[in-house]
Amino acid sequence: MNTKSNWTPLCGINDLVAGSGVCALVEGRQVALFYLPEDDRVYAIDNHDPIGGANVLSRGIVGSIADEPVVASPLYKQHFSLVDGRCLEDDGIRLSVWQVALDDDVVLMDPTPR
Amino acid sequence: MNKTKLILIGNGMVGHQFLQSLAESGESARFDVTVFCEEPRLAYDRVHLSEYFAGKSAGDLAMGQPAQYAEWGFRVLLNEKAVAIDRERQVVTSDKGTELPYDRIVLATGSYPFVPPVPGHDREHCLVYRTIEDLEAIKASAANGKTGVVVGGGLLGLEAAKALRDLGLQTHVVEFAPRLMAVQLDDAGGKVLRDKIEELGVQVHTGKNTQQIVDGENAVHRMEFADGESLETDLILFSAGIRPRDELARSAKLEIGERGGIVIDNDCLTSDKNIFAIGECALWCGRIFGLVAPGYSMAKVAVAKLLGEDSQFLGADMSTKLKLMGVDVASIGDAHAHTTGSRSYTYLDEACGVYKKIVVNESGKQLLGAILVGDAEDYGTLLQYALNGIELPEFPDSLILPQRGGDAKPGLGVSALPESAQICSCHDVSKGAICQAIDNGCSDVAGVKGETRAATGCGGCAALLTNVVNHELESRGVAVSTDICEHFPYTRQELYHLVRVDQIKSFDELLHKHGKGKGCDICKPTIGSILASCWNEYVLKKPHVGLQDTNDTYLANMQKDGTYSVVPRVAGGEITPDKLIVLGQVAKKYNLYTKITGGQRVDLFGARLEQLPLIWQELVDAGFETGHAYGKSVRTVKSCVGSTWCRYGVDDSVGLAIDIENRYKGLRAPHKLKFAVSGCTRECAEAQSKDVGIIATENGWNLYLCGNGGMKPRHADLFATDLDRETLIRYIDRFLMFYIKTGDRLQRTSVWMDNLEGGLDYLREVIIEDSLGLGDELEAQMQQIIGTYECEWKKTLEDPEALKRFRPFVNADASDDNVVFVMERDQIRPATAAEKTADKAEPIKLVS
Ligand code: SRM
Ligand SMILES: Cc1cc2nc3c(=O)[nH]c(=O)nc-3n(C[C@H](O)[C@H](O)[C@H](O)COP(=O)(O)OP(=O)(O)OC[C@H]3O[C@@H](n4cnc5c(N)ncnc54)[C@H](O)[C@@H]3O)c2cc1C
Ligand code: SF4
Ligand code: FES
């Protein structure tokens with residue numbers, strides 16, 4: 001885990017909800033974390049929904065569209081890719097995406113968005 | 001080979017389309033392209049400009065991307081305006097002193113908002129609506145004002161009015177003409193639109209000629225009108241039409257129209273054969289086109305001409321359909337019946353605010369024009385009749401008259417449309433192009449959209465596109481899918497059956513056995529609801545929690561700012577003074593906005609995620625239960641006061657309402673379910689507008705089924721009369737379970753029954769005569785749900801794991817700082833975007 005020395009520990013794996021989202025606060029920015037056990041992965045994107053204008057994406061339903069993992073905004077139901085943050089209904093919109101790793105039971109995040 | 005030196009002046013929507021078409025032609029390497037872009041950013045979507053106020057950023061609206069332009073090999077001079085064209089030396093000069101030689105020029109300079117030159121028009125806080133910078137100025141100005149006036153009641157004016165209203169200003173529209181949208185609508189249509197808009201809180205003043213603008217007494221300005229009246233306002237937004245930006249062309253001595261506009265021919269060439277003009281700056285056959293679609297067509301013609309191909313601009317259809325402040329408005333062709341010999345049919349429904357008019361030719365066989373206000377559902381069909389000269393049905397008025405049972409509206413079979421029929425005008429996609437896309441392998445609407453761009457502009461053609469695609473698929477023998485989504489090849493009804501028969505208890509199990517992928521926001525809540533209807537397990541139990549819509553996850557309704565509302569059950573609308581006091585105390589303690597709902601209970605708004613458990617703990621301690629206002633489930637049973645107090649009442653409607661609400665509370669269904677009980681035929685509980693309505697008679701109870709209010713109100717049908725209580729309950733048990741078993745996702749009982757073959761009579765057979773032999777089973781299933789009821793909030797408060805979800809952050813003890821309230825009428829409300837940026841909102845202190 002040397003390369004991840006500057007990564008921020010966020011929480012324990014038990015703080016995540018399998019198949020759903022929670023939110024973390026990282027350097028003042030709200031980050032939505034989605035734990036998909038079937039991918040054995042945690043995805044991290046902006047919690048701010050630019051269309052609804054509220055901090056709610058961690059409270060959306062996750063799933064897949066054509067095999068790409070997505071979250072649906074709980075406000076107006078647009079889909080955002082968990083992989084690259086793009087809005088499937090509107091090419092012009094792209095959210096920040098962060099890298100997350102699991103180190104034993106600790107959830108670590110690279111604080112610089114990709 | 002020497003490249004042609006091409007200069008594009010203006011990088012608006014049409015200029016962008018020109019570049020895109022050129023790049024997509026694959027021939028752009030033949031040109032050395034430079035773009036003068038006066039604005040500080042590349043082209044953006046002006047058509048959706050107003051969404052900037054709804055939270056979209058400049059980035060969201062952007063059409064041109066610097067990287068994309070670079071890849072295409074186009075050079076852009078940002079923030080640089082072309083100020084002179086020397087046609088002799090073939091050189092363009094900019095305001096920064098750049099001099100560039102050219103072979104060809106494309107002018108796409110657009111237009112500017114016209115500001116009537118009344119004295120005072122240039123005062124501070126007098127603004128226009130065209131660019132992102134204009135919007136920023138409006139936002140800043142609105143933050144300090146209370147009222148706003150839009151001068152001009154046309155298309156753009158009304159859109160601007162909505163923006164002002166959304167910014168929290170008390171908004172007025174001042175129009176010179178005697179009606180709104182004078183170009184597109186007639187008097188009757190204008191009046192219906194006006195009534196609707198005034199209902200939405202915007203005041204309309206027509207026939208007003210502004211004479212001067214001076215200092216106001218109670219506001220920044222006072223507008224004085226020719227009729228002696230005046231209006232005070234803090235902000236004035238001019239939206240009185242557009243004027244082509246032809247100044248550059250004028251100084252270069254190109255031919256200009258009498259009232260402005262750069263004259264072009266069918267090739268989009270100006271009077272100088274080296275110079276094209278396209279978009280809103282161009283004047284074709286004496287007309288300026290103030291819409292984006294004709295500009296796009298011109299851009300494509302200009303590209304074709306540059307490449308030496310054959311193509312002509314031959315005018316454009318100016319029919320429009322839009323939603324103005326939520327009101328549908330559409331205008332097609334010769335809406336004012338100017339054609340000689342033409343005749344009109346009109347339909348006016350003042351109660352619902354709907355106006356429709358069609359104009360037909362002398363023979364009555366062809367549609368020339370139409371106006372639709374309040375309900376524009378027929379737009380797509382009417383437009384196709386008009387554009388393609390399709391012969392009208394025998395009674396043309398049948399196209400706009402409402403259908404009430406009996407005769408169905410003569411549908412325009414999409415098969416009647418010729419190949420050349422334009423389905424999407426924004427992107428000029430014909431029916432032929434759609435068929436082509438399908439032949440190339442597209443197998444659904446999404447695929448055709450991606451391939452042709454149809455329905456990705458204003459979206460007005462989406463319904464028609466779906467019809468055409470489905471029709472074409474069917475005619476090719478492709479079964480049109482009724483699967484609920486890509487993860488399950490089943491309908492809701494089939495899924496329900498699978499769950500019941502295989503005794504499936506979780507989503508994962510069903511997905512594993514019958515589906516694929518991860519699921520999505522369509523199938524997950526649907527299956528969550530089916531599982532709840534069948535087995536009634538706690539919805540926040542681990543395997544179910546990820547299936548729920550946000551409202552069910554947090555057992556509260558999400559509001560626009562991400563806070564939630566709290567609605568405790570008040571069965572039958574009956575509440576003790578002590579309980580009312582508790583509601584008041586809790587609302588006060590947590591500073592919640594408090595409102596009486598339309599369902600006879602009290603709604604407390606503005607609760608943060610982390611406050612929900614604290615609030616509910618107090619409510620549960622005082623004996624309240626969850627009201628399921630968040631679920632697709634039984635909501636309320638409304639009651640009137642009934643025979644206990646009312647001198648006309650013939651039975652105890654309140655008592656029955658309470659019993660019924662307690663019997664079915666918590667039941668989840670394909671959609672929400674509402675009930676009401678009235679104590680006599682005066683019907684004060686409005687039972688005939690509910691899914692289940694009950695009215696007391698001298699001899700028992702009359703049962704009405706399948707009504708609703710909402711978007712498409714429908715009266716309930718009388719199902720059975722003079723029932724005793726026991727029979728009544730049995731029928732309702734069977735009815736509800738049969739609906740849950742066979743209804744489609746998000747289908748209310750009214751639509752469900754209308755789709756049942758045999759309708760009401762069939763329903764009577766199933767429920768009363770037990771024709772399917774299902775009666776006992778349905779009753780037993782209902783009994784199981786009733787027997788396993790528990791209050792979800794009580795259960796949640798006892799479960800530390802479930803409570804963890806109500807932390808706003810997993811790693812910090814903080815609150816969402818984007819939740820900001822301001823006070824209005826002595827209570828909180830969410831701050832508007834403008835108030836947040838202006839920072840004048842006072843954050844309300846949290847009480848915990
Ligand atoms: C609070 C309330 C308005 C009020 O202030 O009075 C309300 C508020 C909402 N209604 Fe309603 N409706 C309320 C009574 C009604 C009524 C009147 C009634 O029930 O007597 C109707 C028409 C009757 C009917 O449903 O047939 C009504 C027809 C709708 C509809 C349209 C349904 C339809 O079939 O067309 C929706 C949208 C939907 O459900 O998809 C809706 C949706 C909503 C939602 C859930 C919108 C949303 O997703 O955020 C609102 C949630 C507010 C909240 O956070 O609590 N609401 N809504 C009323 C709550 C009653 C209650 O105590 O539970
Ligand atoms: C709020 C709003 C809502 C609208 N809604 C709709 C709608 O629903 N449907 C519809 O069809 N249309 C709508 N329109 C109209 C639509 O936006 C225009 O038809 C379209 O933008 C015209 O494109 P254009 O490229 O010709 O002009 P513009 O988009 O105005 O672009 C012209 C560009 O050229 C630049 N320019 C001008 N002179 C120079 C110069 N000398 N040097 C360098 N640059 C220069 C300007 O700064 C501008 O950026 C709406 C417009 C507004 C403002
Ligand atoms: S009518 Fe109902 S859904 Fe619409 S704004 Fe009012 S409460 Fe919300
Ligand atoms: S007509 Fe506007 S998107 Fe098709």
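Select Ala108(B) together with ligand 2: a polar backbone atom of Ala108(B) is 3.5 Å from an oxygen atom of the ligand. Taken alone, ligand 2 exposes 990 Å², and the protein buries 93% of that. Please keep in mind throughout the tour that the model is predicted.

**Around ligand 2**

Add Val14(B) to the selection. A backbone N or O atom of Val14(B) is found 2.9 Å from an oxygen atom of ligand 2. Then add Met13(B), where a polar backbone atom is 3.3 Å from a ligand oxygen atom.

Now display the whole shell of ligand 2, which holds 28 residues. Those that come nearest are Glu38(B), Glu39(B), Arg130(B), Glu280(B) and Val292(B). Colour the shell by residue class, and 11 nonpolar, 8 polar and 9 charged residues should appear.

Which helix of chain B gives the largest share of the shell around ligand 2? It is helix 1, with 3 residues. Helix 1 spans 13–24, and helix 5, at 155–166, is the other element that gives two or more residues to this shell.

Next, colour two domains of chain B: domain 1, made of 4–111 and 244–306, and domain 2, covering 126–240. Both of them give residues to the shell, and therefore ligand 2 lies between the two.

**Around ligand 1**

Move on to ligand 1 and select the residues around it, 19 in number. Gln559(B), Ser565(B), Gly598(B), Arg601(B) and Gly709(B) come nearest. By class, this shell contains 2 nonpolar, 10 polar and 7 charged residues.

Three side chains may be inspected in turn:

- Arg748(B): an N or O atom of the side chain is 2.7 Å from an oxygen atom of ligand 1.
- Lys595(B): a polar side-chain atom is 2.8 Å from an oxygen atom of ligand 1.
- Lys674(B): a side-chain N or O atom is 2.8 Å from an oxygen atom of ligand 1.

Between which domains of chain B does ligand 1 lie? Colour domain 3, formed by 536–626 and 792–816, and domain 4, which runs over 632–790. Since both give residues to the shell, ligand 1 lies between them.

**Chain A**

Hide chain B and show chain A as a cartoon. How many helices and strands does chain A have? There are 0 helices and 14 strands, so that the pattern read along the sequence is β-β-β-β-β-β-β-β-β-β-β-β-β-β.

Switch to a surface view of chain A. The accessible surface comes to about 4,700 Å², and carbon and sulfur atoms account for 45% of it. Of the 114 residues in this chain, 61% are buried. Among contacts in chain A with a separation of 6 or more, 38% join residues 24 or more positions apart.

**A last stop at Ser96(A)**

Finally, return to the cartoon and select Ser96(A). This residue sits in the loop between strand 11 (90–94) and strand 12 (97–98) of chain A. Is Ser96(A) buried or exposed? Its relative accessibility is 18%, and it therefore counts as buried, because the cut-off for buried is under 20%.

Show the side chain of Arg29(A) as well: it is joined to the side chain of Ser96(A) by a polar contact of 2.8 Å. Leaving aside neighbours within four places in sequence, Ser96(A) is in contact with Arg29(A), Ala44(A), Ile45(A), Asp46(A) and Pro113(A). Selecting these five residues with Ser96(A) completes the tour.

Note on methods. Residues numbered from 1 in each chain as written. Chains lettered and ligands numbered in written order. Predicted model: local features only at pLDDT ≥ 70, side-chain atom pairs only at ≥ 80, totals over all residues. Heavy atoms only, no water. Near = heavy atom within 4 Å. Polar contact = N/O pair within 3.5 Å; in protein donor to acceptor, adjacent residues only side chain to side chain. Nonpolar A, V, L, I, M, F, W, Y, C, P; charged D, E, K, R; others polar. Domains from an automatic or database assignment. Helix = DSSP H or I, 4+ residues; strand = E, 2+ residues; numbered from the N terminus. Buried < 20%, exposed > 50% of the residue type's maximum accessible area, 1.4 Å probe, protein only. Contact = heavy atoms within 4.5 Å. Areas by Shrake-Rupley, 256 points an atom, 1.4 Å probe, with all protein chains shown as cover.
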